Amino acid sequence: MDIIENNADIFIMLAIGFGLFMAWGIGANDVANAMGTSVGSGAITFKQAVVIAVIFEFSGAILAGGEVTATIRKGILDAALFTDSPYLLVYGMLASLLAAGTWLLIASSLGWPVSTTHSIVGAIVGFGAVGVGVDAIAWDKVIKIVMSWVASPVLAGTLAVIIFKSLQSLVIDTKDPLANVKKYLPFYVFFVGFIIALVTLFKGLKHVESLKYISKDASLSVMIAVAVGILAAVISAFIMRRIKIDPKDDKDFHYANMEKLFAVLMVITASAMAFAHGSNDVANAIGPLAAVYSIVEAGGDIASRSVVPSWVLLVGGGGIVFGLVTYGFKVMKTIGKGITELTPSRGFAAELAAATTVVLASSTGIPVSTTQVLVGAVLGVGIARGVAALNMRVINTIFLSWLITLPAGAIISILFFFALKGAFGA
């Protein structure tokens, strides 16, 4: 207890600094890959992606990022084991933030789209296994996360193939793609609005005390999502009528005007996905930060769940946006250009498949990585066009980065844990 009381201010400052670093990594890697499809397809520019992320990632993190968060992310460690030595949990959470942030910095510098969730989980597993003992880890939860490495990208890829094949048969490979895109696009927009609303209701509002009853009521959530989908379809039909179509554009590229309509739609999907991502993944940065803050403020007492002050959400949201602005371009390039060539219609199919996968996963409790879901969806679009359309060298590098993320986070976390233990005492 004396260790915490004597170093309370230092621990809080370190938690804020490391939390910002981790949030920066989320912005540079996770948000960048979420925006990569829109930028890579040419639907929006990098500057426009930054503006969308600033508005919607930040608002998602602040408005639906959570008033209450679990002290131990994903429940993979038992907080009760630290009752007699709470300072070890403080060291562990600080080490986890710094380790995950460090790994995200390394991955982002190489242009690797890795999972921020797996980074922080690996870090917590690392310090928990060494600092407390192997038995302290809920290995069934870890195995479930590892299984999601295969399940989530496969599901997203399968959905992307189905969606893109439907676009090909209904719109792209028809005699008049422009007329058919106007005819069928509102139905796809309905599905986009419906899915994105469910993402927000299931994953975002469940943390907001005054609104979480909505996320618990499945039928009410579905009704609201249907209403949002209908509204989105009506708005899209109105927007399509106002977009200037020039027949001359189709002379050089037969699908120019059709892709122009898909590009407008991708602005909507990018905005909605940014909000959903900000509301969900900000917890990877603020969870450990909130844990350290609550333990220090309580003088060493550990609660299984802790209230997250609003300033903590500001730290998380601000860090995420700063990461995208300063370093997000490398991962964006990998997702948008490296895996397969994307157009607005292909990017739309990938984003819709990714959003659908997130909804299915959240409703069934399967832990998925936004990164892996999106990469799987982009792969699916490439497969739908033929394996020759895929850059296998880039894909192999991405898969390798996924495999080493969890152990890398664990090893780096162990090193930082012992460094903090040596600096402050045990």
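The following conversation asks what lies behind some of the words used for this predicted model.

Colleague: Before we come to single residues, how many helices and strands are there in the protein chain?

Modeller: The protein chain has 17 helices and 2 strands, and of its 426 residues, 59% are buried. Among the contacts in the chain with a separation of 6 or more, 84% are made by residues 24 or more positions apart.

Colleague: Why is Gly27 called buried?

Modeller: The word buried is used for a relative accessible area under 20%. Gly27 has a relative accessibility of 0%, and therefore counts as buried. Gly27 lies in helix 2, and, if residues up to four places away in sequence are not counted, Gly27 touches Ala32, Ile320, Gly323 and Leu324. The C-alpha atoms of Gly27 and Gly328 are separated by 6.8 Å, although these two residues are 301 residues apart along the chain.

Colleague: How do you know whether Val359 is buried or exposed?

Modeller: The relative accessible area of Val359 is 7%, which is under the 20% limit, so Val359 is buried. Val359 is part of helix 15, which covers residues 344-364, and its C-alpha atom is 6.9 Å from that of Ile195, a residue 164 residues apart from Val359 along the chain.

Colleague: Ser115 is in the loop between helix 4 and helix 5, so what makes this residue buried?

Modeller: The value is again what decides, because Ser115 has a relative accessible area of 1%, and under 20% counts as buried. Leaving aside neighbours within four places in sequence, Ser115 is in contact with Ser369, Thr371 and Thr405. The C-alpha atoms of Ser115 and Gln372, which are 257 residues apart along the chain, are separated by 6.9 Å.

Colleague: Why are helix 2 and helix 12 called roughly antiparallel?

Modeller: Helix 2 (residues 8-40) and helix 12 (residues 283-297) pack at an angle of about 175°, with their axes 8 Å apart. Angles over 145 degrees count as roughly antiparallel, and therefore this pair receives that name. The residues that make the contact include Phe11, Ile16 and Met22 of helix 2 and Leu289, Val292 and Tyr293 of helix 12. By class, this contact between helix 2 and helix 12 has 13 nonpolar, 2 polar and no charged residues.

Colleague: What makes helix 5 roughly antiparallel to helix 6?

Modeller: Helix 5 (residues 116-131) packs against helix 6 at an angle of about 150°, with the two axes 12 Å apart. That angle is over 145 degrees, so helix 5 is roughly antiparallel to helix 6. Their crossing is left-handed, and in it His118, Val121 and Val125 of helix 5 meet Trp139, Val142, Ile145, Ser148 and Trp149 of helix 6. The contact of helix 5 with helix 6 divides by class into 6 nonpolar, 2 polar and no charged residues.

Colleague: Then why are helix 6 and helix 16 called oblique to each other?

Modeller: The axes of helix 6 (residues 139-172) and helix 16 (residues 370-385) come within 7 Å and cross at roughly 40°. An angle under 35 degrees would count as roughly parallel, one from 65 to 115 as roughly perpendicular and one over 145 as roughly antiparallel, so the crossing of helix 6 and helix 16 is left with the word oblique. This crossing is right-handed, and the contact includes Ser152, Ala156, Ala160 and Phe164 of helix 6 together with Val373, Gly376, Gly380 and Ala384 of helix 16. The residues of the contact of helix 6 with helix 16 divide into 10 nonpolar, 7 polar and 2 charged.

Colleague: Which residues have the most contacts inside the largest nonpolar core?

Modeller: The largest nonpolar core has 131 residues, and those with the most contacts inside it are Phe11, Met35, Leu185, Ile339 and Phe348. Helix 4 (residues 86-109) gives the most to this core, with 15 residues.

Colleague: And which residues does Met35 touch?

Modeller: Without counting residues up to four places away in sequence, Met35 touches Ala49, Ile52, Ala53, Ala270, Ala274 and Met332.

Terms used. Residues numbered from 1 in each chain as written. Predicted model: local features only at pLDDT ≥ 70, side-chain atom pairs only at ≥ 80, totals over all residues. Heavy atoms only, no water. Axes fitted to C-alpha atoms, helices over the stretch in contact; angles between N-to-C directions. Helix = DSSP H or I, 4+ residues; strand = E, 2+ residues; numbered from the N terminus. Left-handed = near helix turned anticlockwise from the far one by under 90°. Contact = heavy atoms within 4.5 Å. Nonpolar A, V, L, I, M, F, W, Y, C, P; charged D, E, K, R; others polar. Core = buried A, V, L, I, M, F, W, Y, C linked by side-chain atoms within 4.5 Å. Buried < 20%, exposed > 50% of the residue type's maximum accessible area, 1.4 Å probe, protein only.
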